[in-house]
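Grab your viewer and work through these exercises on charged side-chain pairs. Try each one yourself before reading the solution.

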Amino acid sequence: MANKVYITRRIPPVGIDLFREKGVEIDFWDSDEAIPHQELVKNVKGKGYAGLLCLLTDQVDAEVFEAAGPSLKVVSTLSVGYEHIDLKACKARNIIACNLSKISTDCVSEFAVTLALAVSRRIEEGIAAVRNGSWGLWKPMWILGSSFANRTIGVLGMGRIGYGVARRMKAFCISRLIYHDIKESSFAQELGAEFVDLETLLKDSDVICICCNLTPATHYLFNKENFKKMKNTAILINTSRGGVINHDDLYDALKNHEIGAAGLDVTEPEPLPKEHRLNSLPNCVVTLHMGSNTWEARNNMSYNAALNIDSVFENQTPMGKIEN
């Protein structure tokens, strides 16, 4: 009897093709929009699914597992983040949970640097001036940004993406590269990166790129108190998780010029409401969680999310297995 998998969204076809090559039966939520939670519960109930391929926007909890029943062996998310999966409920039911921690490193690293450049050079304001007709004769003091050259770049979280950001930042003739993490990183030494405490990272950095996981220790780490420790010209870039920054405190810090500017590819909540106060600030650029938005990355994500599931079916350890 063939294994069956439920997929909670339309995904790039390479993952679907892998399942079909392996003889896996698939059903899916035929939409580009997120499946409502109760619809997910209803759709997996009593169908004998052995695998569930989900997305970051899905709430995969005990109610889903109860509906799916004892046939469910593996949950694989098409994302690096896995906070939407109830790992305790997985463990209680011997369900293997998988993510894609090694897949989107390059594209997210590239995007973090792109966002930092866009914010520091005020690209969004320049584009708006062209489109709204305010672009006139050349003015020597108009829409001036700042360069990375001879600056101190700080990275919070020297994992794969943090390392990717740091490596790319080195190309801009920076004067100093510093980072903070729970422990010193051996591979950061090849970049000449200096391991520092959080206070030093906040105080010395001209640009801080947030590349850490969201944990109880990092939740709202960037808050009113810590913004006051940063340079009033500092640029804050977040491509990790929205919850690392207290958005109300960020608004105040930007509005009061306690820090210079911010670029956010992740927010809390997502999507950020159009009327949110951060969207009113010229020194805050918000993008729509698009760090992995490349064809190459999404095809790899689709294939490897499916491969994680198939590995379990083949009694192999999946590359993306989450240890819990």
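A salt bridge here is a side-chain nitrogen of Lys or Arg within 4 Å of a carboxyl oxygen of Asp or Glu. Keep in mind that this is a predicted model.

**Exercise 1.** Work out whether Glu83 and Arg241 form a salt bridge, and find which parts of the chain the pair ties together.

*Solution.* Start with the distance: the closest N and O atoms of Glu83 and Arg241 are 2.9 Å apart. The cut-off is 4 Å, so the pair counts as a salt bridge. Next, locate the partners. Glu83 sits in the loop between strand 4 (74–77) and helix 4 (87–92), while Arg241 sits in the loop between strand 10 (235–238) and helix 10 (247–255). The pair therefore ties together parts that are 158 residues apart in sequence. Finally, check the surroundings: Glu83 has 51% relative accessibility and counts as exposed, whereas Arg241, at 16%, counts as buried.

**Exercise 2.** Do the same for Arg151 and Asp206: how far apart are the closest N and O atoms, and where does each residue lie?

*Solution.* The closest N and O atoms of Arg151 and Asp206 are 3.9 Å apart, and the two form a salt bridge. This pair links distant parts of the chain, 55 residues apart. Arg151 belongs to the loop between helix 6 (123–132) and strand 6 (152–156), and Asp206 to the loop between helix 8 (198–204) and strand 9 (207–210). As for accessibility, Arg151 is partly exposed at 31%. Asp206 has a relative accessible area of 11%; buried means under 20%, so Asp206 is buried.

**Exercise 3.** Take the pair Arg176 and Asp204, then find which residues join them in one network.

*Solution.* First the contact: the side chains of Arg176 and Asp204 meet in a salt bridge, at 2.9 Å from N to O. Arg176 is in strand 7 (residues 176–180) and Asp204 in helix 8, with their positions 28 residues apart in the count, a link between distant parts of the chain. Arg176 is partly exposed at 25% relative accessibility, and Asp204 is buried at 17%. Now follow the shared partners: salt bridges join Arg176, Glu194, Lys203 and Asp204 into one network.

**Exercise 4.** Zoom out: how many salt bridges does a search of the whole structure find, and what does UniProt place at residues 5–319?

*Solution.* The whole-structure search gives 17 salt bridges. For residues 5–319, the unreviewed UniProt entry lists the feature "domain: D-isomer specific 2-hydroxyacid dehydrogenase catalytic". That span is 33% helix and 14% strand, and its end C-alpha atoms lie 18 Å apart.

How values were computed:
Residues are numbered from 1 along each chain as its sequence is written. This is a predicted model: local features need pLDDT of at least 70, side-chain atom pairs count only at pLDDT 80 or more; totals for chains, interfaces and linings use all residues. Side-chain values use heavy atoms; hydrogens and water are left out. Helices (H or I, at least four residues) and strands (E, at least two) are DSSP runs, numbered from the N terminus. Buried means under 20% relative accessible area, exposed over 50%, partly exposed in between (1.4 Å probe, protein chains only). UniProt positions are given in the numbering used here, feature names are shortened, and annotations may be inferred rather than shown by experiment.
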